[in-house]
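Biologist: Could you take me on a close look at the cavities in this protein? I am new to this, so a friendly walk through the residues around them would help a lot.

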Amino acid sequence: AARGVGASMKVLITGISGKLGRLVGKRLDALGHTVIGIDRRPWAGAPERVQMFQVDIRKRPAEDVFRTERPDAVIHMATVTHLTHKSPDRYRINLQGTRAIVENCHRYEVKQMLFVGRHTYYGAAADSPLYHTEDEPPMALNSFPELADLVAADLYAGSALWRYPEVNTCVLRLCYTLGGSKHGTLANFIRGPRVPTVLGFDPLFHFMHENDAGDAIVAALDKNLRGVFNVSGPPPMLLSDVIRDAGRQNVPVPEVLMNITLGRFGLPRLPTGAVDHLKFPIVIDSAAFKKATGFQHAYEEAEALSAYRKSD
């Protein structure tokens, strides 16, 4: 059941210094909630009332924040999601960090936990259905092991639904976000003047304006959601149209030449498994989330792309 918009809570946000984390933190602060942030990175210019703790979510000082602050709700956003990020810390942050947050929520009697995941959980594969629903298993991990840690974090967060039923756990699988911050997987991929595509393929890309993504997370918190929910805004667009409307040049590359082309000639660097994401769509069905929250996106695809392009 929803608490009602007027109910004030103490909300702890992990990964608050990220672009989406800041956006959610500012929204909750403006709504009158008490916001606590945990991030290894500083947040210069954070709202005055937001209390920041520069600590690692896996370490004891983060647990101390739970013990002393006793938040009502936790929004876990401290995951590494970029397809291009391959640091040794990535696995430890994504899986061990999520495990630490889940355990702390249980230990310190947090009432609600939101895990903000990604729609790339489902994987890109030739035999996937066009619209993914929440009960589908992850696919294509054998071809893209870089996603395994994110999938494991998603599944671990979801397991809290039955392991710790007293914690109201919600897993959100957001589609790509795009906007003026130029932050996120899709934003990074189309950042340069030339964007590679696989010759003969033009998959649908599902994305939403970053402001809508922030509003969706706040709506999930307000409605006290429990369970797993896909989150999207407007319908998906063909990758070629995304590239064109972002003001970039589409560079079709034969698949056999992809691995020697990526990272050169002004093209972005991608791991081998990410090439499937340029061939096959990952489109999600978010009807359950919209029904549970009444969420409606405020920005169309063109507005998200326009905001992205204007920030060049």
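Modeller: Here is a walk through the cavities, followed by a short stop at a pair of helices. Keep in mind that this is a predicted model.

Let's start with the count: there are 3 cavities of 30 Å³ or more. The largest cavity holds about 60 Å³ of space. To find it in the structure, look for the residues that line it: Phe 115, Gly 117, Arg 118, Thr 120, Tyr 121, Leu 147, Leu 150, Val 151 and Asp 154. Two elements give two or more residues each to this lining, namely strand β5 (112-118) and helix α4 (148-163). If you sort the lining of the largest cavity by class, you get 5 nonpolar, 2 polar and 2 charged residues.

Now move on to the second largest cavity, which has a volume of about 50 Å³. Its lining is made up of His 119, Tyr 176, Leu 204, Phe 205, His 206, His 277, Phe 280, Pro 281 and Ile 282. Sorted by class, this second lining has 6 nonpolar and 3 polar residues, with no charged ones.

For our last stop, turn to helix α1 (residues 19-30) and helix α6 (residues 210-222). The axes of α1 and α6 come within 9 Å and cross at roughly 55 degrees. The two helices are therefore oblique to each other, and α1 passes α6 in a right-handed crossing. On the α1 side, the contact is made by Leu 20, Leu 23, Val 24, Arg 27 and Leu 28. From α6, the residues taking part include Ala 213, Ile 217, Val 218 and Leu 221. Taken by class, the residues of this contact between α1 and α6 are 8 nonpolar, 2 polar and 3 charged.

Note on methods: Residues numbered from 1 in each chain as written. Predicted model: local features only at pLDDT ≥ 70, side-chain atom pairs only at ≥ 80, totals over all residues. Heavy atoms only, no water. Axes fitted to C-alpha atoms, helices over the stretch in contact; angles between N-to-C directions. Helix = DSSP H or I, 4+ residues; strand = E, 2+ residues; numbered from the N terminus. Parallel < 35°, antiparallel > 145°, perpendicular 65-115°, else oblique. Left-handed = near helix turned anticlockwise from the far one by under 90°. Contact = heavy atoms within 4.5 Å. Nonpolar A, V, L, I, M, F, W, Y, C, P; charged D, E, K, R; others polar. 1 Å grid on protein atoms, 1.4 Å probe; cavity = no way out; pocket = protein on both sides within 12 Å on 5 of 7 lines; lining within 4 Å. Points joined across faces, edges and corners; volume = space filled by probe spheres on them.
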